[in-house]
Amino acid sequence: MIRVAVVDDERLVRSGLRMILGTAPDIEMVADCSGAEAVETVLGCAADVVLLDIRMPDVDGLTVLRRLRAAPEPPTVAMLTTFDAQEYLTAALREGAAGFLLKDSDPEQLVRAVRTLAEGGSVLDPGVTRAVIGGYLTAEDQASAARAVRGLTPRESEVLALLGEGLANAQIAGRMGLAPSTVKDHVRALLGKLGGINRIQAAIVADRAGLVTGDPRGAW
């Protein structure tokens with residue numbers, strides 16, 4: 001069972017997400033709260049996945065994200081955003097966000113996203129994909145991405161390319177014919193070689209280095 005917590009300053013948004021996710025047989029909504037009580041609530045309920053509003057009036061989402069990621073066993077955190085909050089996206093990415101979802105995401109897409117996050121994958125709503133990649137690439141140009149991937153083994157480069165498609169470890173394992181534990185080891189190694197970055201940052205590096213042949217939005 002995937003344990004999910006929702007953090008948003010709007011009660012209506014929290015109720016809507018609880019209703020949507022509550023229909024999935026493999027998802028358990030363990031908490032919903034506003035930003036002020038988020039860190040204590042989320043860590044107290046041992047959530048696996050957190051859907052976190054990126055911009056809140058009491059405690060902003062970036063502060064909550066930073067505190068959650070500093071926990072000994074941090075949950076996977078995806079940011080809930082709107083089209084007018086794009087200036088926050090790059091900052092959230094650098095703080096360790098594992099995904100970005102629009103608040104008006106399709107219910108089926110939302111459920112799939114939670115499952116992907118729980119499996120160790122990354123999620124980007126098509127509506128914010130290019131904003132996230134574009135913002136991050138102001139600091140990571142094509143040449144630096146190419147230099148970074150040259151230090152990877154051929155197998156690690158292949159795994160990175162599939163990360164660039166937004167695939168979770170189990171999906172990568174199926175595509176490559178490897179054990180999930182082996183893929184997990186490759187992912188851990190390549191993230192370390194790329195400077196201790198997270199999966200979305202790695203996916204962006206893969207895209208910028210030319211390893212992703214298709215449109216990554218198709219997978220995310």
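Is Arg14 buried or exposed, and what is its relative accessibility? Arg14 counts as buried, at 8% relative accessibility. The views below are close-ups of a predicted model.

**View 1. Arg14 and Asp32 meet in a salt bridge.** The N to O distance between the two side chains is 3.1 Å. Arg14 lies in helix α1 (residues 11-21) and Asp32 in strand β2 (residues 27-33), so the pair ties together parts that are 18 residues apart in sequence. Asp32 is partly exposed, with 28% relative accessibility. Arg14, at 8%, is buried because the cut-off for that class is under 20%.

**View 2. Arg155 and Glu158 form a salt bridge within helix α8.** Their closest N and O atoms are 3.8 Å apart. This contact still counts because the cut-off is 4 Å. Helix α8 spans residues 154-163. The two residues are 3 apart in it, separated by about one helical turn. Arg155 is partly exposed, with a relative accessible area of 35%. Glu158 is also partly exposed, at 39% relative accessibility.

**View 3. Glu165 and Arg175 meet in a salt bridge.** The N to O distance is 3.3 Å. The pair links distant parts of the chain, 10 residues apart. Glu165 sits in the loop between α8 and α9 (169-176). Arg175 belongs to helix α9. Glu165 is partly exposed, with a relative accessible area of 23%.

**View 4. Asp8, Asp53 and Lys103 are linked in a network of salt bridges.** Two Asp residues and one Lys take part in this network. The count of salt bridges in the model comes to 11.

**View 5. Acidic side chains form a negative surface patch.** Its members are Asp9, Glu10, Glu37, Glu40 and Asp58. Glu40 is found in helix α2, which covers residues 38-45. Glu40 is exposed, with a relative accessible area of 70%. Patch members have no salt bridge, so Glu40 enters the patch as a residue without such a partner.

**View 6. Helix α11 is mostly covered.** The helix runs over residues 199-208, and 9 of its 10 residues are buried. Among the buried residues are the nonpolar Ile200, Ile204 and Val205. Ala202, Ala203 and Ala206 are buried too. The buried set also includes Arg199, Gln201 and Asp207. Just after α11, Gly210 takes a positive phi of about 85°.

Conventions
Residues are numbered from 1 along each chain as its sequence is written. This is a predicted model: local features need pLDDT of at least 70, side-chain atom pairs count only at pLDDT 80 or more; totals for chains, interfaces and linings use all residues. Side-chain values use heavy atoms; hydrogens and water are left out. Patches are made of residues with over 30% relative accessible area and no salt bridge: like charges are joined within 9 Å, nonpolar side chains (Val, Leu, Ile, Met, Phe, Trp, Tyr) within 5 Å. Accessible areas come from the Shrake-Rupley method with a 1.4 Å probe; for residues, only the protein chains shown count as cover. Lys and Arg count as positive and Asp and Glu as negative; His and the chain ends are not counted. The place of a charge is taken as NZ of Lys, CZ of Arg, CG of Asp or CD of Glu. Helices (H or I, at least four residues) and strands (E, at least two) are DSSP runs, numbered from the N terminus. Buried means under 20% relative accessible area, exposed over 50%, partly exposed in between (1.4 Å probe, protein chains only).
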